[in-house]
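Visitor: I should like to go through the reasoning behind the terms used for this model. Please begin with the handedness of helix crossings.

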Amino acid sequence: MIYSKIAGTGRYLPERILTNAELETMVDTTDEWIRTRTGVERRHVAAEDQSTSDLAYEAAKIAMAEAGVTAEDIDMLIVGTTTPDLVFPNIGTLLQDRLGIHNCPAFSIEAACTGFIYALTTADKFIRAGETKCALVIGAEIITKLIDWKDRTTCVLFGDGAGAVVLKPSEEPGILSCHLGADGQYRDLLYFPIGPSKNLFNPPEAGAYIQMKGNEVFKVAVKTLGKVAEEALAANNISKDDIDWLIPHQANIRIIQATAKRLDMPMEKVIQTVQDHGNTSAASVPMALDVGIRDGRIKRGQTLLLEAFGGGFTWGSVLLRY
Ligand code: UT7
């Protein structure tokens, strides 16, 4: 039996840090409101001249070095992102070129905040099928370029970053199971109103910014993420106690706490980065994974549950032995 196993991880955050105190000078908000309602204390914001592939490139280089692989070894490159540099060529190919990787499939998956989980799941299938020997899987996002900096209901939430993982075949587990879901009936609760084939030259009056009915998203997110976690446990016939680390999408500390509670997990067993990164969409899970690995909390042989939820809605989980 072939499993896919994480051989290395990396992350990159843009230099500029935007604090809640600074946001207080930009919109009618307070540090206290942001911290208590979301858990966010600061977030990184990409520079004007940075694009998502710049962030992804840095994270990928670190993950490849950590895994001890070179450009020649990579035979699949997948990027989960909602904010690619261009409509095309796809960001996977842009990265391929910069990293000196040639002649392998390279593409992006657009599933909002669940993009990395979708990408990891896809790479896992190729590795299990024996078709891929070394996959570079990335979640990268410059979501702050889609934000209305005058809208306090969204501008305090998001940040930019990139996380990367190198996945290789192994006889030992490995990714144990992946569970993806989506339901398009919720499309109007969280969306960006412009795309290459819609409204591009005729933007809606609300403007070309992220639109979110936060409160309603919150309720579905809490319900769905709890269900997704239980689904992963049931599929593997393991109990809540068997999970060493929960690595959830970092949208809101209250959503994370609700999921942990449903799993009877103390918050000490949850990797939390929302305070430092904000909501980085598809980058949040791979960056949180990398944080836990780098600071020594996550150890080889431990069982991790990764999960995410985002616009669409889309959602998913990956249960793995690190
Ligand atoms: O990553 C993809 C998925 N996204 C999410 O999961 C996000 C889910 N949603 C959330 O995290 C939360 O709903 C928010 C953090 C976005 C909002 O928190 P909330 O507790 O649901 O607040 P609310 O939207 O119900 O607003 C409560 C009040 C409102 O004022 P009134 O109507 O009660 O007078 C808002 O206008 O808070 C007000 N408010 C703010 N006040 C100060 C909204 N944003 C701010 C702000 N500062 N930045």
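Guide: A crossing counts as right-handed if the near helix is turned clockwise from the far one by less than a right angle, and as left-handed if anticlockwise. The model shown here is a predicted one. In it, the crossing of helix 3 and helix 4 is right-handed.

Visitor: Why are helix 3 and helix 4 called oblique to each other?

Guide: Helix 3 (residues 52–67) and helix 4 (residues 91–99) pack at an angle of about 55°, and their axes lie 10 Å apart. Angles under 35 degrees count as roughly parallel, and 65 to 115 as roughly perpendicular. The angle of about 55° belongs to neither class, and the two helices are therefore oblique.

Visitor: Which residues of helix 3 and helix 4 meet?

Guide: Helix 3 contributes Thr52, Ser53, Asp54, Ala56, Tyr57, Ala60, Lys61 and Met64, which meet Ile91, Leu95, Arg98 and Leu99 of helix 4. By class, the residues of this contact comprise 7 nonpolar, 2 polar and 3 charged.

Visitor: What makes strand 12 and strand 13 a pair?

Guide: Pairing requires at least two bridges between two strands. Strand 12 (residues 303–310) and strand 13 (residues 314–321) have 8 bridges in the antiparallel sense, so the criterion is met. One of the bridge partnerships joins Leu305 to Leu319 in strand 13.

Visitor: Which strands are the edge strands of the open sheet with the order 8-13-12-11?

Guide: This sheet of 4 strands has mixed pairing. Strand 8 (175–182) and strand 11 (245–248) are its edge strands, as each pairs on one side only. Helix 5 (residues 115–128) lies across strand 8, strand 12 and strand 13, running at about 130° to strand 8.

How values were computed: Residues are numbered from 1 along each chain as its sequence is written. This is a predicted model: local features need pLDDT of at least 70, side-chain atom pairs count only at pLDDT 80 or more; totals for chains, interfaces and linings use all residues. Side-chain values use heavy atoms; hydrogens and water are left out. Contact means heavy atoms within 4.5 Å. Axes are lines fitted to C-alpha atoms, for helices over the stretch in contact, and angles run from 0 to 180 degrees between N-to-C directions. Angles under 35 degrees count as roughly parallel, over 145 as roughly antiparallel, 65 to 115 as roughly perpendicular and the rest as oblique. Ala, Val, Leu, Ile, Met, Phe, Trp, Tyr, Cys and Pro count as nonpolar, Asp, Glu, Lys and Arg as charged, and the others, Gly among them, as polar.
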